[in-house]
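Visitor: I should like a close look at a single part of this structure, followed outward to whatever it touches. Please take the parts in turn and explain the reasoning where there is any.

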Amino acid sequence: MAKAIHSMIRVLDEQRSRDFYGKAFGLDVAERLAFDGFTLVYLSNPESEFELELTINHDRTEPYALGDGYGHLAVSVDDLEAEHARLTQLGLNPMPIKELMHQEKRLAKFFFVQDPDGYRIEVLQRGGRYK
């Protein structure tokens with residue numbers, strides 16, 4: 001059986017991205033591997049074994065074009081309103097809280113926030129299929 005272990009995104013500024021993911025989601029550097037031409041930084045927190053891999057190409061000076069294929073990363077939290085307020089207080093500008101209904105039942109309560117490179121992260125209220 002396959003196990004999801006990480007998702008990789010390319011970022012322009014390592015420190016700016018580490019600051020954002022640390023403040024927003026409590027992700028800390030699990031490992032940093034420098035190579036000729038690029039660096040890999042693995043971020044994680046105690047909530048999950050899943051990691052976010054930041055790839056920093058040393059010669060890159062222009063922001064990456066996200067295109068229309070990228071969707072989003074998702075995290076779940078115990079108290080969505082408190083998390084929204086916390087991110088707002090940090091100046092991270094989360095989007096409004098929304099609800100997704102399916103067959104007249106609430107499937108999800110969530111909001112999105114964007115990282116410094118424009119990647120969207122969905123923050124979901126824990127419950128149901130979103131544990």
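Guide: In this predicted model, helix α1 is built from 12 residues, and its first and last C-alpha atoms lie 16 Å apart, close to the 16 Å expected at 1.5 Å a residue. The buried residues of α1 are Glu14, Ser17, Phe20, Tyr21, Ala24 and Phe25. When α1 is viewed down its axis, these buried residues fall within an arc of 135 degrees, so they line one face of the helix. A general property of helices bears on this pattern: an α-helix has 3.6 residues a turn, so residues three or four places apart point the same way.

The surroundings of the helix come next. An open sheet is formed by 4 strands in the order β1-β4-β3-β2, and the pairing is mixed. The edges are occupied by β1 (6-10) and β2 (28-35); each has a single partner strand, so one side of each is left without a neighbour in the sheet. From one strand to the next the twist averages 20 degrees. Strand β2 pairs with β3 (residues 38-45) in the antiparallel sense, over 7 bridges. One of the residue pairs involved is phenylalanine 35, whose bridge partner in β3 is phenylalanine 38. Helix α1 (residues 14-25) packs on this sheet, where it touches β1, β2, β3 and β4 (48-57). The direction of α1 makes about 5 degrees with that of β3.

Charged side chains of the helix also have partners. As a general matter, side chains of opposite charge can pair when their charged atoms come close. In this model the count comes to 9 salt bridges. One of them joins arginine 16 to aspartate 117, with the closest N and O atoms 3.5 Å apart. This pair links distant parts of the chain: arginine 16 belongs to helix α1, while aspartate 117 sits in the loop between β7 (105-114) and β8 (120-125), 101 residues apart. The two partners fall into separate accessibility classes. Aspartate 117 has a relative accessibility of 13%, under the 20% limit, and therefore counts as buried. Arginine 16 has a relative accessible area of 36%, between the 20% and 50% limits, and is therefore partly exposed.

Two further salt bridges meet at arginine 126. With glutamate 47, arginine 126 forms a salt bridge in which the closest N and O atoms are 3.1 Å apart. Here arginine 126 lies in the segment after β8 and glutamate 47 in the loop between β3 and β4, 79 residues apart. Arginine 126 is partly exposed, having a relative accessible area of 27%. Glutamate 47, at 59% relative accessibility, is over the 50% limit and so counts as exposed. Arginine 126 also forms a salt bridge with aspartate 78, the closest N and O atoms again being 3.1 Å apart. In that pair, aspartate 78 is found in the loop between β5 (73-77) and α2 (80-89), and arginine 126 in the segment after β8, 48 residues apart. Aspartate 78 has a relative accessible area of 61% and is exposed. Elsewhere, salt bridges that share partners join Glu14, Arg18 and Arg32 into one network; Glu14 is also among the buried residues of α1.

The helix has a further link, by way of Phe25. Valine 75, a residue of strand β5, is in contact with Phe25, Ile121, Glu122, Val123 and Leu124, leaving aside its neighbours within four places in sequence. Phe25 is one of the buried residues of α1, whereas valine 75 is partly exposed, with a relative accessible area of 27%. The C-alpha atoms of valine 75 and glutamine 125 are separated by 8.8 Å, although these residues are 50 residues apart along the chain.

Finally, the helix may be placed within the whole. The protein has 2 helices and 8 strands, and from the N terminus on its elements run β-α-β-β-β-β-α-β-β-β. Its C-alpha trace spans about 55 × 40 × 30 Å along the principal axes. Of the 131 residues, 34% count as buried. Among contacts with a separation of 6 or more, 50% are accounted for by residues 24 or more positions apart.

Key. Residues are numbered from 1 along each chain as its sequence is written. This is a predicted model: local features need pLDDT of at least 70, side-chain atom pairs count only at pLDDT 80 or more; totals for chains, interfaces and linings use all residues. Side-chain values use heavy atoms; hydrogens and water are left out. Two strands pair if DSSP finds at least two bridges between them. Axes are lines fitted to C-alpha atoms, for helices over the stretch in contact, and angles run from 0 to 180 degrees between N-to-C directions. Contact means heavy atoms within 4.5 Å. A salt bridge is a side-chain nitrogen of Lys or Arg within 4 Å of a carboxyl oxygen of Asp or Glu. Buried means under 20% relative accessible area, exposed over 50%, partly exposed in between (1.4 Å probe, protein chains only). The expected span of a helix is 1.5 Å times one less than its number of residues. The arc is that of the directions from the helix axis to the C-beta atoms.
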